[in-house]
Structure formats: structure tokens, C-alpha cells
Amino acid sequence: MMNKIIKAQEALYIWLSYFDKRSYDLIRQSCNYLNIQYDLGIESYAVWKIFYPLVYTGVIEHIGNGYYALTEPMAIDFGTHYVLINSKNENFSKTNESIGISLFDKKRGTISHQNVIQFHALQILRSFPTISSVVDGFYRSIVEEDKFEYHNYKSKKGVAELKDGGLKRYFSIPQDGYQRQIPDKSINPDALNISYYYERVVNNQYNGHYKVQTRDLHLEAFGLPILVHRVLMLDCLSRKNMPTNSDTEYHYSGIQHKIVKELNRVLNNSIRIYE
């Protein structure tokens, strides 16, 4: 099944490479077609299995107004090696890292690349606001409480939608009179993810756990913010390994404690740390 999905992702990647940009609706339709063509058997939302993993790894980027494009080619310098993103010098299908991502060891020589950047996970995370402040920055909304259907139906606190349907999503803490309208994914593809992670915070649930001795970090897969995953993925690639994941969680190995402490600030202390 996984090999079939990778083949479908490669086909989508090649298709996108022929265009400057494609709308989300067209991409969704293409994923539905690839689901049939490669006999994937995905019952609903094929776009989540085929398209979004490529957004999470950063080879596809949202460029505004619901349009996506391949990320501009770049090389990230990690001292001993480069991580190449969408490099025209590498055949993506031959890399064992991920579609559109490959490693280039400096022992092989030098590379000719216009866009070479440095990467420091800790510095980038220090620039991130907390997820609570991001949600708080969404537009205030005034919707009658009895019109909401909550994602967390037990606590009735967090992400909600209208009972009579519609695409709008809200973040509500009724007992505090707190309510925000979550931006549509065409405006901010990470807004709903951040809201789901913050939902766990307001319901006193963890978003992940970390073992100091082994440097293993596990984060909940559902609602994982895209930018958080990208930072952690690149930190793993600095050690020449990729994160692994299941349907329920992502596993990042070798993450330094100081990076997790900063990430915990961003996630409102929702990572349980085992000393």
C-alpha cells in the first residue's frame, strides 16, 4: 500500500513541476484520480494521503489564495553535507530520504547552487509565537453557543463547527466567553492544525512526549503544525535521518533537550518530558 502511495505522490510531484502553481481544488481532483489509477483504496480525502505529506516535508508550498507550487530549489548546508530540496541536479526518485529531498555528502565534491542557506532549529523556534497567541490572534466571532458542534464532544471546548453545516471552523471556550473564527486553509493552511494542538492544551492533554536520555521526541500526528514538523525534520536531516510516523504519531530521534524546551514553549508546555 505504502509503495503505491509513494508512486502516486511521485506522479503528483511531476505533474506540479509542469506548472507555476495549481489550485487546491485541482490538486484535490488529481488526488482522487490518482487514488483510482493506483488502486489505493482510500475511502475519503485522498488528498490527505497523497498531497499533504509533500506539504509537510516542504517540497510543496502554499503561495496564497488557495494555490500551491513546488518550493524553490535550495540547498541547506549542514557542514558535512547538504540537504537538497527540489534540486534539479538530483533525481528525486532515486533518493532514499523523501520525494524532492536528497542528501549530498561534501566528500563527493561541491555543488553549484544559487540558494544555499544555513539552518539552526533553535533559532527558528525562538522566533515562533506560542500556539495560544496564534489562536488568540484570529478574528473574534460571536456565534450562539447552542449552534456549535465540538470536535471534543466530551469537554465541549476547543475546535467547533456549526451544527447546520458549512466550512467555517471556530475555537471556543464557552465558560470563558472566548471565541475565535479559524482562518480557512486557503488563507492559512496551518491555522486548523494549530487550533487542534491548542485544543489539547485547554483540555489538559499532552501533544507529545520526550525522553531526555534517548533524545526521542514523539508528537501527535493529528493536527501537527506543518512548520513544527519541517523544523524538526530538518534537524533530523542534519544527522542524516528522516522522522518516522504512524497514523497516530511522529517520531523524531536525536533531538536535543534545549530544542525540545523551546518547542515546549511554542506548544504551551504540552510536551511531557521524562528525565
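Let me begin with strand S2, residues 60-64, which is joined to S3 by four bridges, the two strands running antiparallel. I should say at once that what we are looking at is a predicted model, and I will keep to what can be read from its coordinates.

Within that pairing, Ile 60 has Leu 70 of S3 standing opposite. The hairpin that S2 and S3 form has two residues between the strands, and in this hairpin Asn 65 takes a positive phi near 55°.

On to the other partner of S3. Strand S3 covers residues 67-70, and two bridges join S1 to S3, again in an antiparallel arrangement. Residue by residue, Arg 22 stands opposite Tyr 68 in S3, while Ser 23 has Tyr 67 of S3 as its bridge partner.

Putting the strands together, we have an open sheet of three strands in the order S1-S3-S2, with antiparallel pairing. The edge strands are S1 and S2, since each of them pairs on one side only. As a general reminder, strands of a sheet pair through backbone hydrogen bonds, either parallel or antiparallel.

Now let me step back along the chain to the stretch that leads into S1. Phe 19 lies in the loop between helix H1, residues 2-17, and strand S1, residues 22-23. Is Phe 19 buried or exposed? Neither word fits, because its relative accessible area is 32%, which makes Phe 19 partly exposed. Together with Ile 14 and Tyr 18, Phe 19 makes a nonpolar surface patch of about 320 Å².

For a contrasting environment, I would turn to Ser 195, which is found in helix H7, residues 191-202. Ser 195 has a relative accessible area of 0%, and therefore counts as buried. Which residues is Ser 195 in contact with, once its neighbours within four places in sequence are left aside? The answer is Val 135, Phe 138, Val 159, Phe 171 and Ile 182.

Finally, a word on the cysteines. Cys 31 is buried, because its relative accessible area is 0%, and Cys 236 is likewise counted as buried, because its relative accessibility is 0%. As for disulfides, the criterion is a pair of cysteine sulfur atoms within 2.5 Å, and by this rule the count comes to zero.

So, to leave you with the main picture, there is an open sheet of three strands in the order S1-S3-S2, a nonpolar surface patch made by Ile 14, Tyr 18 and Phe 19, and a buried serine, Ser 195, at 0% relative accessible area.

Methods
Residues numbered from 1 in each chain as written. Predicted model: local features only at pLDDT ≥ 70, side-chain atom pairs only at ≥ 80, totals over all residues. Heavy atoms only, no water. Buried < 20%, exposed > 50% of the residue type's maximum accessible area, 1.4 Å probe, protein only. Contact = heavy atoms within 4.5 Å. Patch = residues over 30% accessible without salt bridge, like charges linked within 9 Å, V, L, I, M, F, W, Y side chains within 5 Å. Areas by Shrake-Rupley, 256 points an atom, 1.4 Å probe, with all protein chains shown as cover. Salt bridge = Lys/Arg side-chain N within 4 Å of Asp/Glu carboxyl O. Pairing = 2+ DSSP bridges.
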